[in-house]
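Dear colleague,

Please find the structure below. My notes on selected helices follow it.

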Amino acid sequence: MGLMTFLRNRAGYILVFAIGFAIVAFLVGDAINVGKPFWSANQKVVGSIDGNDISIDDFGPKVDQGVNQMKQQYGGSANAQMTAMAVDQAWNAELGKVLLTKEYERLGLTVSEDELLDLLQGSNPSPLIKQYFSNPQTGQIDRVTLMNFLKSKEAQAIQQSNMLQQEVTNQALQTKYSNLIKNSVYVTSLEATDEYNNRNKLANFKYVSLDYTSIPDASVKLTDADYSEYYDQNKARFNNPTETRAFEYVAFSINPTKEDSLAAKAQVDKLAADFQVAKNDSLFAAINSDVKVPFTYLSKGKLGDPALDSAVFNLPAGSFYGPKLSGNSYKIVKVVQTRFSPDSVKASHILLDAAKLGGEDKAIKLADSLKGLIAKGGNFAELAKQYSVDGSKDKGGELGTFARGAMVPEFENAAFDGQVGDVKVVKSQFGVHILKIEKQIGSSKVAKLAYVEKALTASSKTKDAAYKAASNFLNDVKGSDFAKVAGAKKLKVALADRVTATQGFAAGLDNPRKLIQDAYAADKGDVLPEIYSMSDSYVVAHLTGVSPKGTLSLADVKNDIKPMVINNVKAKTLKEKLAAAGKGNLDQIAAKVARQVSPVSNIVFANPVIPGVAQENALVGSVFGSQPGKVSAPVQGERGVYVFSVDGFTNPAPIANMYKQKEGMLLSLGQRSLGAAFQALQDNAKIKDNRVKFY
C-alpha cells in the first residue's frame with residue numbers, strides 16, 4: 001500500500017515505470033548479447049538522427065514502457081496498434097531529444113540550479129510537480145510528501161528523483177523554446193483586417209451550374225495528355241511525406257463453420273452441466289474460463305456485455321445463467337451471492353512492513369496491539385505517523401474516498417464489507433494494515449459471480465483446410481499473375497494501399513505487422529514469402545506498389561487521380577456549353593442550358609460552403625473577387641462548372657478591438673508555428689529510420 005498510495009496516485013506512471021524500465025533494459029540487453037553474440041553494433045541500430053545512432057537495446061525498453069502504459073490506460077492485452085503507437089511515441093521522443101537539444105545549445109537555452117529548485121519546490125512549481133504531487137481531493141500540492149520524496153536517501157528514490165528532475169528540466173526548456181518561437185511571429189493591422197473581413201463580410205449571389213454527373217463517366221476517353229495536364233497543374237498535392245507501399249492480398253477464412261459451431265455448443269452444454277454441480281465454483285471458473293473475472297463482489301456494469309450484465313444482476317443468489325452465445329463466445333454464470341454494498345468508502349490505514357518487523361506473525365501481533373490501543377481511545381493519526389511505512393502517514397493515514405476496483409481485493413473487501421467505525425487488521429501484498437472505516441457512501445446491489453466464458457473458435461480441421469488452400473495458392477502465384485490466378489480460383493483480391501512502414505493496421509487485417517515488414521523488404525511485383533496469420537484468416541500477399549518519399553511520379557498516382565482527371569475533361573465540355581449560352585443575364589443562360597438559377601445568401605469567404613451542394617473554394621473565391629451585377633466567366637468547381645452574378649456585399653462594422661483581434665490570431669499562429677518549427681528541424685536533419693526491421 002506504500003507504493004500503491006504514493007507511486008501510483010502521486011508520482012504517476014513515469015516514476016512507477018522507472019523500476020520496470022531498468023529491469024527490462026537489463027533483460028533485453030542481456031538476451032540480445034547472450035542469444036545473438038554475432039550481431040554487430042550497426043545491426044542493432046533502429047535509426048539515426050544527425051549521426052546519433054539509436055540502439056534497440058535502449059529503444060526497445062522505451063517501447064515496452066509505452067505499451068505497458070497503454071495497457072493500463074485502455075485495459076486489455078497489447079495489440080499491433082498499441083505497439084505501433086508506442087513505437088511512434090518512442091521514436092518522436094528520440095527525434096525531440098536529439099533535435100531540440102541541438103537547438104537549445106545553439107540558442108544558449110539552459111535551466112539554472114536556482115530555476116530548477118524553484119520549479120521543484122517554489123511558489124510556482126512545474127506542471128509535472130502539480131501532476132504527481134497534488135492531493136486528488138483538494139487539488140493542492142502535498143508539500144510534505146514532495147519534500148520527503150526529494151530528500152529521501154534511498155537509492156531507488158534518488159534514481160526516481162533524478163528522473164523527475166530531468167523531466168522537469170526538459171519541460172522547462174521546451175517551454176522556453178516554445179515561447180521563443182511564439183514570440184517570433186506577429187500579425188499586422190492589414191492581416192487582422194483581412195482576417196476579420198474574411199469571416200464577417202457577406203456575399204449574396206445567384207448561380208447556374210452544370211454538374212459533372214450530367215456526363216456519364218463511360219463516355220469520357222482519357223489520353224496520356226489528360227493525365228499529364230492534371231498532374232502538372234496539381235503537382236504540389238502529390239508530395240509524399242514518407243515512403244508508402246501497397247499490396248494485394250487474398251484472405252482464407254478460419255471463421256467457425258456450421259459443424260464447428262454445433263460441436264462447440266455440445267462441449268459448452270457439457271461444461272454447463274458440470275458447472276451446475278461443481279463443488280468449488282471459483283476454482284471451476286478459474287480452470288475453465290477463457291476470460292478471468294475476479295471472484296469478488298462486482299457492481300453492475302463490470303461484465304462488459306450490457307445484455308448479459310442486465311440479466312445477471314436481476315437474478316437472485318443461487319441462480320444459473322446460460323450457456324448464452326453473445327458476440328463470439330458462450331457465457332455461463334453462477335450467481336453465488338448478492339448483497340447491497342456502499343458505492344465508495346472513506347478510510348485510513350496504518351501499514352506495517354512485515355520484513356522489517358521480523359516476519360508476518362510479528363507484524364500481525366503488533367497490528368493487534370495497535371488495534372487494541374485504538375479501541376481504548378488511542379490517537380489513530382499519531383500512531384500512523386509513528387508506525388506506518390506508507391506515504392499517507394503524514395496525513396494521519398488518510399486514504400481519501402475510493403470506489404471498488406481502486407484497492408487490492410483483501411483491503412477492498414474489508415473496507416466495503418465492514419461497518420463505519422470498524423478497525424480491522426488486513427493482510428495484503430503490501431504488508432499488514434490496520435484499517436479504519438471512516439465513512440461509507442451510497443448503496444448498490446453487488447454480486448459475487450462464478451463466470452465462465454468459452455470462445456467460439458474454428459476447429460483444427462477448419463484451420464487445416466484453410467491453411468492448405470492458402471499454401472496451394474501461394475505456390476500457384478509465385479512467378480505468376482496474382483490477380484489472374486486469384487480470379488481463376490474465384491478468390492476475392494483485396495487491396496491495402498498507402499501503408500507506412502510503422503503503422504499497426506492495414507485495411508481488413510487485424511495483425512499485419514509481419515506482413516508489412518516483409519512488404520518493406522520486398523521489391524515491387526514480389527509475392528511475399530509467407531502465409532500470414534490473422535485472428536480470422538490466413539493471408540497471401542503480393543507487393544503492387546512502392547511510393548517513395550518526396551514528389552510522387554505520375555505513374556505512382558495515376559490510378560488515384562483518375563476520377564479527378566475525368567472531371568477535368570468534363571469541365572472543358574461544360575465550360576464550352578455555358579460559354580455557348582451567351583453573355584445574357586443568368587435567367588437567359590439557365591433557359592438555354594435547361595437549368596435553374598439558384599440564389600445564395602450570406603456566404604463568407606472563410607466558410608466557402610454552398611448550402612446543400614458542396615464546399616466550393618474556387619466559386620466562392622471568384623465571387624469575392626467580382627463586381628456586383630456582372631455575369632462571370634465559367635468557373636470550374638468541385639461538383640461542376642458554374643456561372644454566377646453577385647447581387648451585392650454587406651461589409652461588417654469596423655473592428656471594435658484591434659488588439660483582441662490580433663491576440664486571437666497570434667494564439668493560433670503561435671501554436672501552428674511551433675509544429676512548423678519542429679517539422680523544419682526534421683526536414684533539415686539527416687534521419688535514417690530502420691524501425692520496420694525491428695517492429
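In helix H16 (residues 460–477), the buried residues (under 20% relative accessible area, with a 1.4 Å probe and protein chains only) are Thr-462, Ala-466, Ala-470, Phe-473, Leu-474 and Val-477. Seen down the axis of H16, these residues fall within an arc of 105 degrees, so they line one face of the helix; the arc is taken from the directions from the helix axis to the C-beta atoms. An α-helix has 3.6 residues a turn, so residues three or four places apart point the same way. On the other side of H16, Ser-460, Lys-461, Asp-464 and Lys-468 are exposed (over 50%).

This is a predicted model, in which local features need pLDDT of at least 70 and side-chain atom pairs count only at pLDDT 80 or more, while totals for chains, interfaces and linings use all residues. Residues are numbered from 1 along each chain as its sequence is written, and side-chain values use heavy atoms, leaving out hydrogens and water.

The cover over the buried residues of H16 includes strand S5 (244–253), helix H10 (258–276), helix H17 (482–488) and strand S16 (537–547), where contact means heavy atoms within 4.5 Å. Just after H16, Gly-479 takes a positive phi of about 80 degrees.

Helix H6 (residues 143–151) has Thr-145, Leu-146, Phe-149 and Leu-150 as its buried residues. Seen down the axis of H6, they fall within an arc of 125 degrees, so they too line one face of their helix.

Yours sincerely

Terms used: Helix = DSSP H or I, 4+ residues; strand = E, 2+ residues; numbered from the N terminus.
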